Each structure stands twice: as structure tokens, then as C-alpha cells.
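Let us walk through this chain by way of its helix packing, its buried residues and a few positions in its loops. The structure is shown first, and the explanation follows it.

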Amino acid sequence: MACCLGSTLLLLLLGSASSAERNRCLDAAEACTADARCQQLRTEYVAQCLSRAASGGCPRARCHRALRRFFARGPPALTHALLFCPCADPACAERRRQTFVPACAFSGPRLAPPSCLAPLDACERSVVCRPRLLAYQASCAPAPSAPDGCLLGQGPRCLRAYAGLVGTVITPNYMDNASARVAPWCDCGASGNRREECETFLGLFTRNRCLDGAIQAFDSEWPAVLQKQLDPHQDPGHSFLQVPSEEQPLEGSFLLAILPVLALQALSD
Ligand SMILES: *[C@@H]1O[C@H](CO)[C@@H](O)[C@H](O)[C@H]1NC(C)=O
């Protein structure tokens with residue numbers, strides 16, 4: 001019974017992904033699985049980010065380091081596809097939100113977000129984070145008059161700089177599964193007389209036309225490598241069968257953790 005229920009859920013999950021609106025985050029995951037380097041680096045961060053520390057939490061520093069390696073050493077077409085896959089429905093957006101193991105890399109379980117001043121101050125003291133934040137500020141500076149919102153078509157550089165923040169103390173992520181809004185895990189509620197500084201920092205993510213435009217533009221430039229891998233000629237049964245067998249060993253408990261959520265979504269469609 002357990003076996004059959006499990007595979008029914010998988011069929012529902014994958015069935016929903018192969019309907020008219022492709023789940024591009026699932027496509028990106030498959031493309032990463034098919035690339036030895038991407039798969040290896042992802043296996044490493046998933047293993048780190050899902051392992052248990054002595055304290056019962058996760059080893060966040062090791063998880064962050066593995067995530068930085070993923071983006072530093074993985075093929076950018078594939079790593080960026082996982083980070084910025086465009087979504088038209090909550091199942092896809094939920095997968096996108098979960099891709100970089102937010103429970104360890106982004107927020108602690110059941111914690112209210114801290115003031116952004118804490119991660120911001122920690123970032124400014126960190127030799128890893130500080131240059132990455134400076135690069136992000138420079139590359140994603142909004143330019144009100146530019147058509148794409150970025151200085152001189154800097155969209156792709158902005159996305160690279162954004163990816164460079166994943167695995168730092170100001171790791172950003174998608175806020176929910178109903179939008180493409182992103183932010184680090186923090187707010188400006190308790191920022192006292194540094195409220196303006198806090199809002200300016202948070203606004204780099206939540207009110208940034210250059211970043212929003214660059215993420216949207218990624219949709220139209222959806223990497224050719226993925227299209228080749230996933231689109232028309234392939235046997236329709238192929239990705240259907242391939243995903244569970246290839247993904248389960250690597251994403252193991254991660255996939256199992258999000259499966260019920262995705263299956264419920266498929267059932268409610
Ligand atoms: C989207 O998020 C909401 C709220 O967190 C959750 O209840 C819902 O199950 C999620 N949808 C999917 C498809 O995971």
C-alpha cells in the first residue's frame with residue numbers, strides 16, 4: 001500500500017508538471033540532474049543543508065559554503081535556471097522557493113524574521129559577504145530611466161551578483177509561492193533609529209526594478225541548454241519516468257518533504 005500510494009503521488013506530481021504549463025523549475029532540476037557537475041554540486045549542498053548538527057538544527061555555515069560552491073563552480077546556465085526558473089503556477093513557484101533548502105540556508109524553522117540590521121551588520125563584517133553585497137549593490141542599482149530598469153543593460157550581471165549572495169548571511173529567497181518576490185529572511189520592524197538604513201537595504205530586494213526586470217528577462221532567455229534537453233522531440237514518457245528515479249536518490253528526504261505539498265496541489269487542481 002505504501003509503495004502504491006507513493007507512486008500515485010509521484011504520478012500526480014509529474015502529471016501536473018507535464019500539462020500545458022510546463023513546470024520550468026522541474027525542467028531545470030532535470031537538466032541539472034543530467035549534468036554530472038551540476039548534479040554533484042547539488043548533491044553536496046543538499047547533503048550539507050539537510051544534515052543534522054549536534055544542536056539539532058542544521059549546519060548552516062557548511063550549508064552556505066556548499067551553496068556558494070554550487071554557484072561558483074556549477075555551469076551558470078544550469079545553476080541560474082534553478083534559481084530563476086519562471087513560474088506560472090504555485091506548484092512551480094513552491095518548488096522554486098524550496099530549491100535551495102530554505103529551512104537551513106534561509107530561515108530557521110518556526111523563527112520570526114530578525115531585523116535586517118543583524119544580517120546586514122554581519123555581512124559588512126564578513127570577508128565572504130561584504131564584497132558580494134557591494135557587487136550586488138553596484139550591479140543591480142536601479143536606473144529609473146532605463147527601459148529594463150538596470151544601468152546599461154546590466155540585467156545579466158545583476159542576476160550573477162544576486163546568485164552570489166546565495167550562501168551568505170544575507171541569502172535571499174522567494175518570499176512565497178504566489179509571486180516572484182525575493183528578500184533575505186528579515187524585516188525592518190525592530191530597527192529603531194536605523195529604520196531608514198534598514199528599509200534601504202531591504203528595498204534592494206523588494207523594491208528593485210533592475211532586479212525584477214532581470215528576473216523577468218530570464219524568462220524570455222530561458223536557457224537553450226534546457227530547451228534542447230527537454231523540448232519537443234523527446235519521447236513524452238521520458239521525463240515522466242526519469243524524474244523520480246534520478247531525483248530521489250539525490251534529493252531524498254528533501255523531495256519527500258515537499259512531495260505531500262505538491263501532491264495536494266495536484267489533487268486540488
Ligand atoms: C503555497 O503556499 C501556501 C502557504 O504557505 C501553502 O499553504 C500551499 O500549500 C503552497 N502551495 C503549493 C503548491 O505548495
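In this predicted model, a useful place to begin is the packing of H10 against H12, whose axes lie 9 Å apart and meet at an angle of about 100°. Because an angle of 65 to 115 degrees counts as roughly perpendicular, H10 is described as roughly perpendicular to H12. On the H10 side the contact is made by Gly155, Cys158, Leu159 and Tyr162, and on the H12 side by Cys210, Leu211, Gly213, Ala214, Ala217 and Phe218. Sorted by character, the residues of this contact comprise eight nonpolar and two polar ones, with no charged residue.

H10 itself, spanning residues 155-165, contains a series of buried positions, namely Gly155, Cys158, Leu159, Ala161, Tyr162, Ala163 and Leu165. The elements that cover these buried residues include, besides H12 (209-220), the helices H4, H5 (76-84) and H9 (129-139) as well as strand E1 (172-174). Tyr162 illustrates this surrounding, since neighbours up to four places away in sequence are left out and Tyr136, Cys140, Pro172 and Leu211 are still among the residues that Tyr162 touches. Just after H10, Gly167 adopts a positive phi of about 100°.

How do these positions fit into the chain as a whole? The chain has 14 helices and two strands, and 40% of its 269 residues are buried. Among contacts with a separation of 6 or more, 75% are between residues 24 or more positions apart. In soluble globular proteins, nonpolar side chains tend to be buried together. Here the largest nonpolar core has 64 residues, of which Ala28, Cys49, Cys63, Leu67, Cys158 and Tyr162 touch the most other members.Cys49, Cys63 and Leu67, which are among those core residues, also belong to the contact between H3 and H4. The axes of H3 (residues 36-50) and H4 (residues 60-73) come within 8 Å and cross at roughly 165°, and the two helices are therefore roughly antiparallel to each other. The crossing in which H3 passes H4 is left-handed. H3 contributes Leu41, Arg42, Glu44, Tyr45, Gln48 and Cys49 to the contact, while H4 contributes Arg62, Cys63, Ala66, Leu67, Arg69, Phe70 and Arg73. By character, the residues of this contact divide into seven nonpolar, one polar and five charged, whereas the contact of H10 with H12 includes no charged residue.

The loop between H3 and H4 holds Cys58, which counts as buried because 20 other C-beta atoms lie within 10 Å. Apart from neighbours within four places in sequence, Cys58 is in contact with Cys49, Ser51, Arg52, Ala53, Cys63 and Cys104. Of these partners, Cys104 is 46 residues away from Cys58 along the chain, and their C-alpha atoms are separated by 6.0 Å.

Pro147, in the loop between H9 and H10, offers a contrast in burial: with 8 other C-beta atoms within 10 Å, Pro147 is exposed. The C-alpha atom of Pro147 is separated by 9.1 Å from that of Gly213, 66 residues apart along the chain, and Gly213 is one of the H12 residues that make the contact with H10.

Note on methods: Residues numbered from 1 in each chain as written. Predicted model: local features only at pLDDT ≥ 70, side-chain atom pairs only at ≥ 80, totals over all residues. Axes fitted to C-alpha atoms, helices over the stretch in contact; angles between N-to-C directions. Helix = DSSP H or I, 4+ residues; strand = E, 2+ residues; numbered from the N terminus. Parallel < 35°, antiparallel > 145°, perpendicular 65-115°, else oblique. Left-handed = near helix turned anticlockwise from the far one by under 90°. Contact = placed C-beta atoms within 7 Å. Nonpolar A, V, L, I, M, F, W, Y, C, P; charged D, E, K, R; others polar. Buried ≥ 20, exposed ≤ 12 C-beta atoms within 10 Å, placed from the backbone. Core = buried A, V, L, I, M, F, W, Y, C linked by C-beta atoms within 7 Å.
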